[in-house]
Amino acid sequence: MNCSVASNDINGSGDSVRSSKEKIEADIQNISSDDPNSLDFYIPSDTPPEVLAYGSELQQLGVGRAGKLGALTLKLEYDSDRRKTIVRDLYTKVPLFAQRALYLEESLPSMAYMYIMSPSGGILQGDRYRMDISLSKGAYAHITTQGATRIYRMERNYATQIINIDVGAESYFEFVPDQIIPYRNSRFYQTLRMRVHDEGTMLYSEMVVPGRVASGESFEYDICYMKAVGLNQVDQLRFTDIAILEPRERNLNQLGVLSSRSVVGSVYVLCPSSVVKSIKDDINSTLSPSSEVVAGASILPYNSGVIVRLLGDGASELRAAIFDVVRITRKTILNAEFSGIRKG
């Protein structure tokens with residue numbers, strides 16, 4: 001068990017590469033049931049052994065009991081009569097909930113802004129969450145969370161979250177949640193599947209802080225395991241990216257991991273190949289002069305997009321850098337401005 005941040009490029013040939021690709025393609029399906037009333041609907045099919053090692057039985061509310069399963073299914077599409085992106089279908093199961101679509105951006109009046117909420121205030125042991133979000137017919141959307149995702153202390157078991165996203169041709173999607181805060185002794189696995197059309201664009205960001213620093217907790221969680229997979233519209237694998245943070249098993253403040261920094265972030269930009277290099281160059285030229293955030297952008301396999309790694313000392317500094325990436329991407333793709341995220 002260790003801590004690693006790795007990108008896997010499956011370019012190449014030979015039986016070993018093909019078998020590896022087949023296994024990954026099987027894993028990224030994420031589900032064994034399409035029925036939201038089934039427990040299997042919420043359970044990742046690819047939960048890694050590092051996380052399964054914490055799978056002890058819960059003595060109180062067990063996995064699958066009321067309040068332990070959260071679901072959000074959201075379908076967005078462009079309505080030509082109303083000239084804006086609308087919610088075509090929405091299904092929620094508390095503790096996940098989505099606010100109605102708002103239209104906040106003057107430069108993009110058709111873009112739907114939505115906020116994902118949770119009345120529980122955080123993720124508890126044994127929780128299993130799943131989100132399915134799709135955009136079609138040239139929809140434009142920006143989704144964020146009401147606040148930070150808090151992973152509460154766990155005495156038994158672990159928590160998981162499945163995120164499946166499907167972005168159609170000429171659609172544009174920004175998913176920029178607030179930071180993940182893993183509390184002492186927490187265990188969390190998130191699997192993200194991004195299926196993006198070659199002529200569509202998606203930007204997704206994630207940020208993990210060391211814990212409740214103000215309460216004296218820093219790198220005291222057990223494991224935070226983040227997996228991201230990118231595909232195109234015919235399910236061709238573009239990349240898989242895994243970050244495993246296990247501070248109890250390995251010192252994260254060492255060279256080659258986080259060094260002297262405490263907050264880590266990633267941004268994935270899946271976009272048409274014709275603009276990949278331009279976005280990558282603009283991100284590097286914008287973020288490289290910063291003394292507060294160490295960041296770098298690289299081109300993803302198959303020229304399918306850009307991945308950005310960020311390290312910093314605070315969530316606000318990383319958030320500002322992520323917003324810079326959003327501004328660059330939106331300007332390049334839509335020739336529109338990004339004025340930030342409004343939260344009250």
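Helices (H or I, at least four residues) and strands (E, at least two) are DSSP runs, numbered from the N terminus. The model is predicted: local features require pLDDT of at least 70 and side-chain atom pairs count only at pLDDT 80 or more, whereas totals for chains, interfaces and linings use all residues. Residues are numbered from 1 along each chain as its sequence is written, and side-chain values use heavy atoms, with hydrogens and water left out.

**View 1. The end of helix H4 and Asn335.** Asn335 lies just after H4 and takes a positive phi of about 55°. Helix H4 has 20 residues, which at 1.5 Å a residue should span 28 Å (the expected span being 1.5 Å times one less than the number of residues); its end C-alpha atoms are 27 Å apart, in agreement. Among the residues of H4 that are buried are Ala315, Leu318, Phe323, Ile328 and Leu334. Here buried means under 20% relative accessible area, exposed over 50%, and partly exposed in between (1.4 Å probe, protein chains only).

**View 2. The Arg327–Asp324 salt bridge in H4.** A salt bridge is a side-chain nitrogen of Lys or Arg within 4 Å of a carboxyl oxygen of Asp or Glu. The closest N and O atoms of Arg327 and Asp324 are 3.3 Å apart. Both residues belong to helix H4 (residues 315–334), where they are three residues apart, about one turn of the helix. Arg327 counts as partly exposed, at 34% relative accessibility, and Asp324 is also partly exposed, with a relative accessible area of 25%. Elsewhere, Asp166, Arg193, Arg195 and Asp235 are joined into one network by salt bridges that share partners.

**View 3. The Asp281–Lys277 salt bridge in helix H3.** The side chains of Asp281 and Lys277 meet at 2.7 Å, N to O. Both partners lie in H3 (residues 276–287), four residues apart, about one turn of the helix. Asp281 is partly exposed, with a relative accessible area of 29%, whereas Lys277 is exposed, at 52%.

**View 4. The Arg187–Asp222 salt bridge.** In this pair the side chains of Arg187 and Asp222 meet at 2.7 Å, N to O. The pair links distant parts of the chain, 35 residues apart: Arg187 is in strand E12 (residues 187–196), and Asp222 is in the loop between strand E13 (201–208) and strand E14 (223–231). Both Arg187 and Asp222 are buried. A search of the whole structure finds 22 salt bridges.
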